[in-house]
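This report concerns salt bridges, aromatic pairs, strand pairing and the surroundings of selected residues. The sequence and the structure are shown first.

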Amino acid sequence: ITKPLTFADCVGDELPLGWEVVYDQQVGVYYIDHINKTTQIENPRTQWRQEQERMLKEYLVVAEEALQAKREVYRVKQQRLQLAQQEMLLLREMNQDEEVQEEEEEEEDGRSLASGNT
């Protein structure tokens with residue numbers, strides 16, 4: 001049976017390759033990391049899970065901040081769109097007013113010419 005290479009690969013209470021659980025009458029249970037040549041009393045699986053939880057929480061904070069930033073960008077773009085639409089409507093109205101004014105001027109010019117010819 002091959003041992004998992006990392007804590008992420010472990011199932012249940014397995015320890016990865018290089019780790020060993022040892023019992024000592026004076027100390028009790030402790031753990032040996034043969035790869036790094038260290039010993040510790042704290043269960044390395046617990047440490048690993050706590051580190052995973054910390055990293056996940058950190059990721060969630062970063063993801064929430066990114067989502068808030070995207071929401072703000074979206075809000076600003078919505079405002080810009082509304083302003084552009086309002087400006088477009090205003091320009092249309094101004095254009096229509098100019099066209100009406102030109103037509104009125106043309107009609108007036110036409111009447112002036114007609115009355116001048118009589």
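R75 is partly exposed in this predicted model, with a relative accessible area of 36%; buried means under 20% relative accessible area, exposed over 50%, and partly exposed in between, computed with a 1.4 Å probe on protein chains only. Its partner E72 is also partly exposed, at 37%. The side chains of R75 and E72 meet in a salt bridge, with N and O 2.4 Å apart. A salt bridge is counted when a side-chain nitrogen of Lys or Arg lies within 4 Å of a carboxyl oxygen of Asp or Glu. R75 and E72 are 3 residues apart in helix α1, which separates them by about one helical turn. Helices (H or I, at least four residues) and strands (E, at least two) are DSSP runs, numbered from the N terminus.

Residues are numbered from 1 along each chain as its sequence is written. Because the model is predicted, local features need pLDDT of at least 70 and side-chain atom pairs count only at pLDDT 80 or more, while totals for chains, interfaces and linings use all residues; side-chain values use heavy atoms, with hydrogens and water left out.

By the stated rule the count comes to 4 salt bridges. Three of them are listed below, including the one just described.

| Salt bridge | N to O distance | Separation in helix α1 |
|---|---|---|
| R75 and E72 | 2.4 Å | 3 residues |
| R54 and E51 | 2.6 Å | 3 residues |
| E58 and R54 | 2.9 Å | 4 residues |

R54 appears in two rows of the table, bridged to E51 and to E58. E51, R54 and E58 are thus linked in a network of salt bridges. Each pair in this network is separated by about one helical turn, as given for R54 with E51 and for E58 with R54. R54 is partly exposed, with a relative accessible area of 41%. E51, at 32% relative accessibility, counts as partly exposed, and E58 is partly exposed with a relative accessible area of 48%.

What is the charge environment of R45, a residue of helix α1 (residues 44–117)? R45 is buried yet has no salt bridge, and the nearest side chain of opposite charge, D13, is 4.6 Å away. Lys and Arg count as positive and Asp and Glu as negative, whereas His and the chain ends are not counted. When neighbours within four places in sequence are left aside, R45 is in contact (heavy atoms within 4.5 Å) with F7, D13, E14, L15 and Y31.

Two of these contacts, F7 and Y31, lead to other features. Y31 has Q40 in β3 as its bridge partner. Strand β2 (residues 28–33) is joined to β3 by 3 bridges, and the two run antiparallel; strands pair if DSSP finds at least two bridges between them. The open sheet has 3 strands in the order β1-β2-β3, with antiparallel pairing. β1 and β3 (38–40) stand at the edges with a single partner strand each, so one side of each is left without a neighbour in the sheet. Neighbouring strands of this sheet are turned by 30 degrees against each other on average, direction ignored; the axes are lines fitted to C-alpha atoms, for helices over the stretch in contact, and angles run from 0 to 180 degrees between N-to-C directions.

F7 belongs to the aromatic part of the structure, which holds 2 aromatic pairs. F7 and W48 form a stacked pair, 6.5 Å centre to centre with 25 degrees between the planes. Rings of Phe, Tyr and Trp (its six-membered ring) pair if their centres lie within 6.5 Å; planes under 30 degrees apart count as stacked, over 60 as edge-to-face and the rest as tilted. F7 lies in the segment before β1 (19–24) and W48 in helix α1, so the pair ties together parts that are 41 residues apart in sequence. F7 counts as buried at 16% relative accessibility, while W48 counts as partly exposed at 29%. F7, W19 and W48 form one aromatic cluster.

L5 is also found in the segment before β1. At 64% relative accessibility, L5 counts as exposed. Apart from its neighbours within four places in sequence, L5 is in contact with P16 and L17. The C-alpha atoms of L5 and L17 are separated by 5.2 Å, although the two residues are 12 residues apart along the chain.
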